[in-house]
Amino acid sequence: MLNWSELLEPIAAWFRSLGLPYPIVHWGHPVMMAIVVFVMGSFVAIAGWRGRISADKDVAIKSRSDHRQLAPWLFFFLTAGYTGGVLSLVMQRQPIFESPHFYTGTIVLLLLLVNAVISLNGFAGNNTGLRSLHAYLGTTAILILFVHAVLGFNLGTSF
């Protein structure tokens, strides 16, 4: 079986050689991702729902546009944060696959990847069922991210 910690160790060693203060190595990922999840993630989710349910057509159009523009950036930052979190664990010589925090992060990225495929496919010709699935998968991903944050805080305080 592939040992991911060993594979990533040369990268982690390079980052360790930079002499970053321990609090940045330990808490940098959680602080940055909290901003992404709670600020950007909430905005993207609210804009998506506002675009679906707003009675005001102009508000709905603006909200859908905001959602469409920011959702890819949210996915990018979450993916980058996922990578940074794994690397942070390797830098601190902690196991990668032993935490529910790792698995909730993986589930979120998979849900959002499915959502990206659905939307990039044009909702299969504007299929209302796929639009609803997209909305509920995205909402589920955001809710899991809130649980993910609690699990991450618990992980961070455990070592």
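Which hand does the crossing of helix 2 and helix 6 have, left-handed or right-handed? I opened the notebook with this point, and I keep in mind throughout that the model is predicted. I looked up the pair and found that helix 2 and helix 6 cross in a left-handed sense.

**Entry 1, the chain as a whole.** I began with the secondary structure of the protein chain, which amounts to six helices and zero strands, so that, by the assignment of helices and strands as DSSP runs, the pattern read along the sequence is α-α-α-α-α-α. I then took the extent of the C-alpha trace, which spans about 55 × 30 × 25 Å along its principal axes. Of the 159 residues in the protein chain, I noted that 33% count as buried, and that the chain exposes about 9600 Å², with carbon and sulfur atoms supplying 72% of that area. Among contacts with a separation of 6 or more, I recorded that 72% are accounted for by residues 24 or more positions apart.

**Entry 2, helix 2 with helix 6.** I returned to the opening pair and looked up its geometry: the axes of helix 2 (residues 22-53) and helix 6 (residues 128-158) come within 10 Å of each other and cross at roughly 160 degrees. Because angles over 145 degrees count as roughly antiparallel, helix 2 is roughly antiparallel to helix 6. I then listed the residues that meet: from helix 2 they include His26, Trp27, Phe38, Trp49 and Arg52, and from helix 6 they include Arg131, Tyr136, Ile142, Phe146 and Phe153. Sorting the residues of this contact by class, I found 12 nonpolar, seven polar and two charged.

**Entry 3, helix 3 with helix 4.** I looked up a second pair in the same manner, and found that the axes of helix 3 (residues 57-91) and helix 4 (residues 100-120) come within 11 Å and cross at roughly 155 degrees. That angle makes helix 3 roughly antiparallel to helix 4, and I noted that the crossing of helix 3 and helix 4 is left-handed. On the helix 3 side, the residues in contact are Phe75, Leu78, Thr79, Tyr82 and Val86, and these meet Phe102, Gly105, Thr106, Val108, Leu109, Leu112 and Leu113 in helix 4. I sorted the residues of this contact as well, and they divide into nine nonpolar, three polar and no charged.

Definitions and conventions. Residues are numbered from 1 along each chain as its sequence is written. This is a predicted model: local features need pLDDT of at least 70, side-chain atom pairs count only at pLDDT 80 or more; totals for chains, interfaces and linings use all residues. Side-chain values use heavy atoms; hydrogens and water are left out. Axes are lines fitted to C-alpha atoms, for helices over the stretch in contact, and angles run from 0 to 180 degrees between N-to-C directions. Helices (H or I, at least four residues) and strands (E, at least two) are DSSP runs, numbered from the N terminus. Angles under 35 degrees count as roughly parallel, over 145 as roughly antiparallel, 65 to 115 as roughly perpendicular and the rest as oblique. A crossing is left-handed if the near helix is turned anticlockwise from the far one by less than a right angle, and right-handed if clockwise. Contact means heavy atoms within 4.5 Å. Ala, Val, Leu, Ile, Met, Phe, Trp, Tyr, Cys and Pro count as nonpolar, Asp, Glu, Lys and Arg as charged, and the others, Gly among them, as polar. Buried means under 20% relative accessible area, exposed over 50%, partly exposed in between (1.4 Å probe, protein chains only). Accessible areas come from the Shrake-Rupley method with a 1.4 Å probe; for residues, only the protein chains shown count as cover.
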